[in-house]
Amino acid sequence: MYVIVAGGGKVGFYLGRALLEEGHEILIIEKDAKKCQNISEELGGVILHGDGCEVSTMNEAGFARADLVIAVTGDDEDNLVICQVGKLRFNVPRTIARINNPKNEAIFKRMGIDITVSATNLILEHIQQELPSHPLLHLLDLHNFGLEVVEVKIPRGSRTIGKRIRDLSLPPDSLLSLVVNKVRGPQIASGDTMLDEDDEVLAVTKAEHEAALRAAILGT
Amino acid sequence: MKAIIMGCGRVGAQIASMLDSEGHDVTVIDIDPGSFRRLPPTFQGRAMVGNGIDQDVLKRAGIHGIDAFAAVTQGDNRNVMAAQIAKHIFNVPKVVCRIYDPIREEVYHSLGLETVSPTTLGARVIKEALES
């Protein structure tokens, strides 16, 4: 596969090296001459010195025959433009963009960027897993179907403690699948399953019903 | 009308002051507070420090319900991204975007963005002046 990596910072460098080790043909584009020199010494002639946002650089890099373009510069706006122009002008089949501000994910998706990776979001998710008090945890986003798998922990004093699942007013398109109790262990959820303090509830829901689902499970 | 101008350089400041003097409700956003010195003392609108590609900044600037948005910072990519956020996330009815690079301008124009390339415009005008 021919993979073009735009941005030769730390992410671009290690990504390029890993792809090379997997046997892919790669090219890293970087504006900074000093970084280019370092990369060329470490990885050989897989570096192009230039501005990856310029169409002339894209031509030179061979965007037209790239199977995948990955934009990992430190600027969201540059990553967006590299992927968009790559798709529109060069018909690059797949584009991946690094996002710094997690709130930019929506516009990237909207503009047709295939995959977005936000380091900020990844770290946030880890923090959420380490902090048991967090009321709702994203486990998995099934973007293409608008579904997500979330985990909700029943806090002390919650109004749903002692209630059965059938008595909760769950939003549409939501399903509680598993209830993990400290003593009884994991149980497949049914209408009769009773909620207890500290239970961890795994649920499938649509993104737009997330808030309503949380409210239903927590009784708020 | 209500308008947000992103970028308070020479062009941004001039658009803002022209709209303001015609009685429109104008907010100017720039990351450099020093840029607001370009606004005339008579300017009645709002000047806000912030990054216009940050949706929270745009919300604070009151982007919900505005009539027009102009992206005129020095960075083509920043303008392109802010303009697309204004158009596709906040549904602003009139969005204009400055892009210096004529090739990128062509790409985004074909994508339905209203674009202006000062490079192309300037070159044409100057060439015409040379030939007249």
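The radius of gyration used here is taken over C-alpha atoms, and the globule rule for comparison is 2.2 Å times the number of residues to the power 0.38. The structure is a predicted model.

**Exercise 1. Compare the radius of gyration of chain B and of chain A with the value for a compact globule.**

Solution.
Step 1. Chain B has 132 residues, for which a compact globule would have a radius of gyration near 14 Å. The value for chain B is 15 Å, which agrees with the rule.
Step 2. For the 220 residues of chain A, the rule gives a radius near 17 Å, but chain A has 23 Å.
Step 3. The dimensions along the principal axes may be set beside these values. The C-alpha trace of chain B spans about 45 × 35 × 25 Å, while the C-alpha atoms of chain A fill a box of roughly 65 × 30 × 25 Å.
Step 4. Burial completes the description. In chain B, 42% of the 132 residues count as buried; in chain A, 31% of the 220 residues do.

**Exercise 2. Determine how the elements of chain B are ordered along the chain and in what order the strands of its open sheet lie.**

Solution.
Step 1. Chain B contains five helices and six strands. Read from the N terminus, these elements follow the pattern β-α-β-β-α-β-α-β-α-β-α.
Step 2. In space, six strands form an open sheet with parallel pairing, in the order β3-β2-β1-β4-β5-β6 of chain B.
Step 3. The edges of this sheet are β3 (46-49) and β6 (114-116) of chain B, each of which pairs on one side only. On average, neighbouring strands are turned by 20° against each other, direction ignored.
Step 4. One pairing can be followed to a residue. Strand β2 (residues 25-30) of chain B runs parallel to β3(B), and four bridges join the two. Within β3(B), B:M48 is the bridge partner of B:I29.
Step 5. A helix is then placed on the strands. α3(B) lies across β1 (2-6), β4 (68-71) and β5 (94-98) of chain B, and runs at about 175° to β5(B).
Step 6. As for sequence separation, 44% of the contacts in chain B between residues at least 6 apart join residues at least 24 apart.

**Exercise 3. Identify which elements of chain B give two or more residues to the side that touches chain A, and state the composition of that side.**

Solution.
Step 1. The contact involves 17 residues of chain B and 16 residues of chain A.
Step 2. On the side of chain B, two or more residues come from each of α2 (55-60), α3 (76-89) and α4 (102-110).
Step 3. The largest share, eight residues, is given by α3(B).
Step 4. By type, the residues of this side of chain B divide into eight nonpolar, five polar and four charged.

**Exercise 4. Establish where the buried residues of helix α7 of chain A lie around its axis, and against which strands they pack.**

Solution.
Step 1. Chain A has seven helices and eleven strands. Helix α7 covers residues 210-218, and A:L213, A:A216 and A:I217 are buried in it.
Step 2. Viewed down the axis of α7(A), the buried residues fall within an arc of 95°, so they line one face of the helix.
Step 3. These buried residues of α7(A) pack against β8 (147-153) and β11 (200-206) of chain A.
Step 4. Just after α7(A), A:G219 takes a positive phi of about 70°.

Conventions: Residues numbered from 1 in each chain as written. Chains lettered and ligands numbered in written order. Predicted model: local features only at pLDDT ≥ 70, side-chain atom pairs only at ≥ 80, totals over all residues. Contact = placed C-beta atoms within 7 Å. Nonpolar A, V, L, I, M, F, W, Y, C, P; charged D, E, K, R; others polar. Buried ≥ 20, exposed ≤ 12 C-beta atoms within 10 Å, placed from the backbone. Pairing = 2+ DSSP bridges. Axes fitted to C-alpha atoms, helices over the stretch in contact; angles between N-to-C directions. Arc of directions from axis to C-beta.
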